[in-house]
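This report describes how the strands and helices of one model are arranged. Please look at the sequence and the structure below before reading on.

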Amino acid sequence: MNNRNRPFMAESIKSVGTAAMLLALTRTMADEESVKAMLAEQGYKVVVTEVGGNSALSEFQGKVTKAVLGAALNTGIISKTSTNYHALLHATDEAKRGIMVNVASSASVAVKIAIVRDERWVAVALFGESAIHPLTNHERAGLGIMHLGV
């Protein structure tokens, strides 16, 4: 297959980080499915989920952690080992820090979460919006990457 017939951005995906961010940035199911297929063809394991809620630590951040663990375990992105849990949770915390910078404690937050892994790395990308009022929406993004220790 020559480069002209390759999917959009296929040449740009060189790591789990770029793969996860591209997948998190998709806005339609058609785009999401297209990116998933492209990443699977390149050997990546992927899953997408979404979370929304109040930006307070106890609500939103807890929901993100539970959603990431559940999605990754239910789809076989990671196995139930302490090394895999550790890597996924560190990547998730790093991605959350990118999203939560300068967010008011009472803001509503809604994000798409993409989890991508290869043989040695796992990445968690979050992309979405936050607002205290519907007229003040801000787009936000966060990315975390961690070595799986294999």
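## Strand pairing

Two strands count as paired if DSSP finds at least two bridges between them. In this predicted model, E3 and E4 are joined by ten bridges and run antiparallel. One pair of opposite residues here is Ser 130 and His 138, the latter in E4. The two strands E3 and E4 make a hairpin, with six residues between them.

Strand E2 (residues 108–117) is also antiparallel to strand E3 (residues 121–131), and ten bridges join them. Within this pairing, Ile 113 stands opposite Leu 126 in E3.

## The sheet as a whole

In what order do the four strands lie in the sheet? The order is E1-E2-E3-E4, the pairing is antiparallel, and the sheet is open. Strand E1 (45–54) and strand E4 (138–147) are at the edges; each has a single partner strand, so one side of each has no neighbour in the sheet. On average, neighbouring strands of this sheet are turned by 15° against each other, direction ignored.

As a general point, strands of a sheet pair through backbone hydrogen bonds, either parallel or antiparallel.

## Helices on the sheet

Which strands does helix H2 touch? Helix H2 (residues 29–41) packs on the sheet and touches E1 and E2. The direction of H2 makes about 140° with that of E1.

Helix H4 (residues 82–100) lies across E2, E3 and E4. Relative to E4, helix H4 runs at about 155°.

Terms used:
Residues numbered from 1 in each chain as written. Predicted model: local features only at pLDDT ≥ 70, side-chain atom pairs only at ≥ 80, totals over all residues. Heavy atoms only, no water. Axes fitted to C-alpha atoms, helices over the stretch in contact; angles between N-to-C directions. Contact = heavy atoms within 4.5 Å.
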